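Me: I am new to this structure and would like a close look at one part of its interior. Please start from a single residue and work outwards to what surrounds it, explaining the terms as you go.

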Amino acid sequence: MANKASEAEIKAALEQLPGWEHEDDGIEKAFEFDDFKQAWAFMEKVAAEAEAMDHHPEWTNVYNKVLIRLSTHDAGGLTDRDFKLAQKVEAAV
Ligand code: HBI
């Protein structure tokens, strides 16, 4: 799926990604950790996966919370790359 995902494809992909929500042209999930050190360790893992994929999250971190938003800017919406990175994010928790 190199092109923008259809609503049906998005729905099917999100069934495999508990907690992720479709917002506008992306998917989002908020993560909470015990402290900043754990949040940062998680972000380091996700950053390495993102760089390896050449696909990068929009994210914010406040102390122990990390909000991640994934969207394929080049395609103007969601693609398989977002769902693949979301799976890697889940594996990094
Ligand atoms: N990351 N989320 C996201 N979406 C993109 O379209 C994207 C990216 N990282 C790199 C990238 N595109 C490159 O293909 C170029 O746009 C530099």
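Reply: Let's start with Val 89, which counts as buried because its relative accessibility is 1%; buried means under 20% relative accessible area, exposed means over 50%, and partly exposed lies in between, using a 1.4 Å probe and protein chains only. Before we go on, please keep in mind that this is a predicted model, in which local features need pLDDT of at least 70 and side-chain atom pairs count only at pLDDT 80 or more, while totals for chains, interfaces and linings use all residues. Residues are numbered from 1 along each chain as its sequence is written, and side-chain values use heavy atoms, with hydrogens and water left out.

Val 89 is part of helix H3, where a helix is a DSSP run of H or I with at least four residues, a strand is a run of E with at least two, and both are numbered from the N terminus. If we set aside the neighbours within four places in sequence, Val 89 is in contact with Trp 20, Phe 31, Phe 42, Val 46 and Ile 68; contact here means heavy atoms within 4.5 Å. Leu 17 is 72 residues away from Val 89 along the chain, yet 10 Å separates their C-alpha atoms.

Two of those contacts, Phe 31 and Ile 68, take us to the strands. Strands E2 and E4 pair in the antiparallel sense over 6 bridges; two strands pair if DSSP finds at least two bridges between them. Within this pairing, Phe 31 stands opposite Val 66 in E4, and Ala 30 has Leu 67 as its bridge partner. E4 (residues 65-70) also runs antiparallel to E3 (residues 58-62), joined to it by 5 bridges. Here Ile 68 of E4 stands opposite Trp 59, while Leu 67 faces Thr 60. Leu 67 therefore has a partner in Ala 30 as well as in Thr 60.

The turns between neighbouring strands are worth a look too. E3 and E4 form a hairpin with 2 residues between the strands, and Tyr 63, found in the loop between E3 and E4, has a positive phi of about 50 degrees although it is not a glycine. Most residues other than glycine have a negative phi. On another side of the picture, E1 is joined to E2 by 3 bridges, and these two run antiparallel. Glu 23 stands opposite Gly 26 in E2. This hairpin again has 2 residues between its strands, and Asp 24 in the turn has a positive phi of about 55 degrees.

Helix H1 (residues 7-15) adds its own buried residues, namely Ile 10, Ala 13 and Leu 14. These lie on the same side of H1, because they cover an arc of only 95 degrees around the axis, the arc being that of the directions from the helix axis to the C-beta atoms. An α-helix has 3.6 residues a turn, so residues three or four places apart point the same way. The cover over the buried residues of H1 includes strand E1 (21-23), strand E2 (26-32) and helix H3 (80-92), and H3 is the helix that holds Val 89. The face of H1 turned away from its buried side carries the exposed residues Ala 8, Lys 11 and Glu 15.

Finally, H3 brings us to the end of helix H2 (residues 36-53), where Met 53 has its place. Met 53 counts as buried, because its relative accessibility is 17%. Not counting residues up to four places away in sequence, Met 53 touches Arg 81, Lys 84, Leu 85 and Lys 88. Arg 81 is 28 residues from Met 53 in sequence, and their C-alpha atoms are 8.3 Å apart in space. Next comes Asp 54, in the loop between H2 and E3. Asp 54 is exposed, because its relative accessible area is 56%, and its phi is near 50 degrees, a positive value in a residue other than glycine.
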